[in-house]
Amino acid sequence: MSLRAALADMLEAGWMLDDGAQLVADDNPRPLDGDKPLIRVYPIASPARPVGVGYRHRRVDHRLTIDIRSRSLLRAEAAREEVLRILGAHRVAPWSGYDLMDYDDGSYRGGGPGLSVWTIEVTIMQLRKVI
């Protein structure tokens, strides 16, 4: 399972709102369904850099984006708060082999009339030993 799918599964498993939000982790285009939020997880990059004595380890920062879209500003904001709650609950070692998850509070991207868009940048850190 990819990290992108794992993050989407984490959000779906912890989702407590009864808003019919659709969480996806693929590149297939999906239209908005009424006011229901569409939450898409997609990767940005996973840069690695050597660390430690003699560069025996690599620190990998997996960067992903959570994109929240809705035709209702209130539902988009509620979905953003729910995503932040779930990320906060899993911030330290979200999965085996990963160290820490860092994220921002989200940026409102507008989207035009009848569309609200929030973007949350997530970085999941991992320390790998080079063999």
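Select helix α1, residues 3–14, in this predicted model. At 1.5 Å a residue, its 12 residues should span 16 Å, and the end C-alpha atoms lie 17 Å apart, so expectation and model agree.

Keep α1 selected and colour its buried positions: Leu3, Arg4, Ala6, Leu7, Ala8, Met10, Leu11 and Gly14. Arg4 is thus one of the buried residues of the helix, in a list that also includes Gly14. Now show what these buried residues pack against. The strands are β1 (22–24), β2 (38–45), β4 (57–70), β5 (100–103) and β7, and helix α2 is a further partner.

Next, add helix α2, residues 73–89. The axes of α1 and α2 come within 10 Å and cross at roughly 105°. Because angles of 65 to 115 degrees count as roughly perpendicular, α1 is roughly perpendicular to α2. To see the contact, display Leu7, Met10, Leu11 and Gly14 on α1, then Glu82, Val83, Arg85, Ile86 and Leu87 on α2. By class, this contact has 6 nonpolar residues, 1 polar residue and 2 charged residues. On the α1 side, Leu7, Met10, Leu11 and Gly14 take part in the contact and are also among the buried residues of that helix.

Move on to strands β6 (residues 107–110) and β7 (residues 116–129). In which sense do β6 and β7 pair? They run antiparallel, over 3 bridges. Pick glycine 110 and look across to β7, where valine 117 stands opposite. The two strands form a hairpin, with 5 residues between them. End the tour in that turn at glycine 111, which has a positive phi of about 115°.

Methods. Residues numbered from 1 in each chain as written. Predicted model: local features only at pLDDT ≥ 70, side-chain atom pairs only at ≥ 80, totals over all residues. Heavy atoms only, no water. Axes fitted to C-alpha atoms, helices over the stretch in contact; angles between N-to-C directions. Helix = DSSP H or I, 4+ residues; strand = E, 2+ residues; numbered from the N terminus. Parallel < 35°, antiparallel > 145°, perpendicular 65-115°, else oblique. Contact = heavy atoms within 4.5 Å. Nonpolar A, V, L, I, M, F, W, Y, C, P; charged D, E, K, R; others polar. Pairing = 2+ DSSP bridges. Expected span 1.5 Å × (residues − 1). Buried < 20%, exposed > 50% of the residue type's maximum accessible area, 1.4 Å probe, protein only.
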